[in-house]
Structure formats: C-alpha cells, structure tokens
Amino acid sequence: MDIASIFGTSSAAGAAAPRKELGKDEFLKLFTTQLQAQNPLKPMDSSEFTAQLAQFSSLEQLYNINSQLNGMLMTQQSLQNTLAADLIGKGVTLFDGTTGIVSAISYDQAGALLVLDNGTQARLGDITRIQGGIQS
C-alpha cells in the first residue's frame, strides 16, 4: 500500500490536491500501515514504537483541546452578542470620555460594534460606564 492510497489522493488529473497537515485519522492509518508492513524478523525498535505512540496520544489530546476551545469561543461570542443587544437604548461612556446612547449594533470580523446615537462606533471592551435606560 502506498502513501497516496492511505490519504485518498492520486496523481491522476483532476484529483484533489493532497492536504498539507496530518490529521488524527490519517496518522492512525499511516501508523497501522507501518505496523502491518514491518518485517516480523526485524520488528520496529521499541523506543521508536513508544515515541510514535506518544506522538499519537499528544495529537489526540491537542485535537480534544482544540474542540473544547472552539466550543468556548462559540459560547463567548454568543454571550457577547447578548450583552451587546442588551445595551441598545442605554447610555455608555467610553475610555476616551465619549458618551452616547447605544442606538444599534453592527458586526464585523472582530465581533460586535456598538453604534452610538452620535455616530461613534465602539467595541464592548471600550466601555467604562453603562447608564440605565433612555434618558429624557
């Protein structure tokens, strides 16, 4: 079995380009293929085998950490959106001393932007003070 068949790639025209990173499933396929193809009279060095098992374990743990961090990021973004929406109609003071009433929320790649009644846009982290509802 060759590397192309392990990763599901081929050199045929129109085939997808091979991925540049080795995922958990690909590593396990490569590892098991290596074990199946080894010479039984000259097995792999035990320290090399242990090192590869440790690499696989580390890869799996990093994958799990990444999944958990992605979940936490989604939760944080959801909470940020809820907080931003709750500020509509409330007066805020920013670090630079600008004050205004939050009239709208807009979003860009970095997250929520508060739009004040005076046209100023600010991030949630720029707020130093929040006043109650609309003032007359």
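In this predicted model, strand 1 (residues 91-94) and strand 2 (residues 99-108) run antiparallel and are joined by three bridges. Within this pairing, Val 92 has Gly 100 of strand 2 as its bridge partner. The two strands form a hairpin, with four residues lying between strand 1 and strand 2. One of the residues in that turn, Gly 97, adopts a positive phi of about 95°.

Strand 2 also pairs with strand 3 (residues 111-116), again in an antiparallel manner, and here six bridges make the connection. Val 102 is found opposite Leu 116 of strand 3. Two residues link strand 2 to strand 3 in a hairpin.

It is worth returning to Val 92, since this residue also meets a side chain from further along the sequence. Gln 131 sits in the segment that follows strand 5 (127-130), and its side chain comes to 3.2 Å from the backbone nitrogen of Val 92. When neighbours within four places in sequence are set aside, Gln 131 is in contact with Lys 90, Gly 91, Val 92 and Thr 93. Val 92 is thus tied to two partners described here: Gly 100 through a bridge and the side chain of Gln 131 through its backbone nitrogen.

Turning to the helical part, a nonpolar patch of about 420 Å² appears on the surface, and Leu 62, Ile 65, Leu 69 and Met 72 make it up. Of these residues, Ile 65 belongs to helix 3 (residues 46-86). Ile 65 counts as partly exposed because its relative accessibility is 42%, a value that falls between the limits of 20% for buried and 50% for exposed.

Methods:
Residues are numbered from 1 along each chain as its sequence is written. This is a predicted model: local features need pLDDT of at least 70, side-chain atom pairs count only at pLDDT 80 or more; totals for chains, interfaces and linings use all residues. Side-chain values use heavy atoms; hydrogens and water are left out. Patches are made of residues with over 30% relative accessible area and no salt bridge: like charges are joined within 9 Å, nonpolar side chains (Val, Leu, Ile, Met, Phe, Trp, Tyr) within 5 Å. Accessible areas come from the Shrake-Rupley method with a 1.4 Å probe; for residues, only the protein chains shown count as cover. A salt bridge is a side-chain nitrogen of Lys or Arg within 4 Å of a carboxyl oxygen of Asp or Glu. Buried means under 20% relative accessible area, exposed over 50%, partly exposed in between (1.4 Å probe, protein chains only). A polar contact is a pair of N or O atoms within 3.5 Å; within protein, one must be able to donate a hydrogen and the other to accept it, and residues adjacent in sequence count only if both atoms are side-chain atoms. Contact means heavy atoms within 4.5 Å. Two strands pair if DSSP finds at least two bridges between them.
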